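Biologist: Hey, got a minute to walk me through this one? I'd like to start with how the chains meet.

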Number of protein chains: 2
Amino acid sequence: MLVKVFVSPRKGILDPQGRAVAQSLKSLGFDGVGQVNIGRYIVLELDISDAEQARATVRRMCDQLLTNPNIEDYTFEIAAARDESPENQSR
Amino acid sequence: MLVKVFVSPRKGILDPQGRAVAQSLKSLGFDGVGQVNIGRYIVLELDISDAEQARATVRRMCDQLLTNPNIEDYTFEIAAARDESPENQSR
């Protein structure tokens with residue numbers, strides 16, 4: 001399985017990196033830029049054939065290591081192989 | 001428009017953070033973990049109504065500031081509003 005995890009700063013949590021990027025984009029002349037949030041995009045290979053078991057495993061990985069549950073939210077997708085028919089899965 | 005940018009270390013480029021996370025997952029007892037890559041997940045609000053113009057603008061943002069074109073690849077999606085009908089767009 002190929003797992004893609006999307007980690008974002010939780011709403012209401014300060015995201016100084018996002019604010020800095022928003023300011024830099026404006027300085028570069030990009031108009032119309034609103035809020036910017038910078039999170040992490042994690043792609044991992046996981047050798048588990050059962051989809052439900054894979055989803056449960058990814059949730060545990062996110063809670064234990066990949067994300068900080070106090071200040072971050074995440075969603076993930078699991079695909080059977082690289083770049084094929086992703087299966088959407090929200091937390 | 002809501003823009004989601006997915007930035008990954010280019011294939012063949014060393015990703016020490018990804019290797020560290022892979023090792024940590026194994027140490028925590030997660031079996032079957034293969035390669036792990038850590039990139040950035042950037043979400044930004046962009047006040048441009050024309051989709052084609054928005055795509056061109058996002059490409060320029062990625063090339064100028066959001067990514068390092070020497071060592072990173074990116075894809076992005078543009079949605080008309082938060083979490084509605086994303087329009088896939090690869091570089």
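Biologist: So how many residues does each chain put into the contact?

Modeller: Chain A gives 33 residues and chain B gives 33 residues, where contact means heavy atoms within 4.5 Å. Keep in mind that this is a predicted model: local features need pLDDT of at least 70, side-chain atom pairs count only at pLDDT 80 or more, and totals for chains, interfaces and linings use all residues. Residues are numbered from 1 along each chain as its sequence is written, chains are lettered from A in the order in which they are written, and side-chain values use heavy atoms, with hydrogens and water left out.

Biologist: Okay, and what area is buried between chain A and chain B?

Modeller: About 2700 Å², with carbon and sulfur atoms giving 65% of that. Buried area is the accessible area (1.4 Å probe) that two parts lose on being put together, summed over both.

Biologist: Which elements of chain A touch chain B?

Modeller: Those giving two or more residues are strand 1 (2-9), helix 1 (16-27), strand 2 (33-46) and helix 2 (51-66) of chain A. Helices (H or I, at least four residues) and strands (E, at least two) are DSSP runs, numbered from the N terminus. Strand 2 of chain A brings the largest share, 14 residues.

Biologist: What does strand 2 of chain A pair with?

Modeller: With strand 2 (residues 33-46) of chain B, antiparallel, over eleven bridges; strands pair if DSSP finds at least two bridges between them. For instance, G39(A) has Y41(B) as its bridge partner.

Biologist: Switching to rings: how many aromatic pairs are there over all chains?

Modeller: Seven. Rings of Phe, Tyr and Trp (its six-membered ring) pair if their centres lie within 6.5 Å; planes under 30 degrees apart are stacked, over 60 edge-to-face, and the rest tilted. Y41(A) and F6(B) make a tilted pair, 5.4 Å centre to centre with 55 degrees between the planes. Y41(A) sits in strand 2 of chain A and F6(B) in strand 1 (residues 2-9) of chain B, so the pair joins two chains.

Biologist: And how many salt bridges cross the interface of chain A and chain B?

Modeller: Zero by the rule, which wants a side-chain nitrogen of Lys or Arg within 4 Å of a carboxyl oxygen of Asp or Glu. Over all chains, though, the structure holds six.

Biologist: Which residue does E72(A) meet in a salt bridge?

Modeller: R40(A), at 2.9 Å, N to O. E72(A) is in strand 3 (residues 72-79) of chain A and R40(A) in strand 2 of chain A, 32 residues apart.
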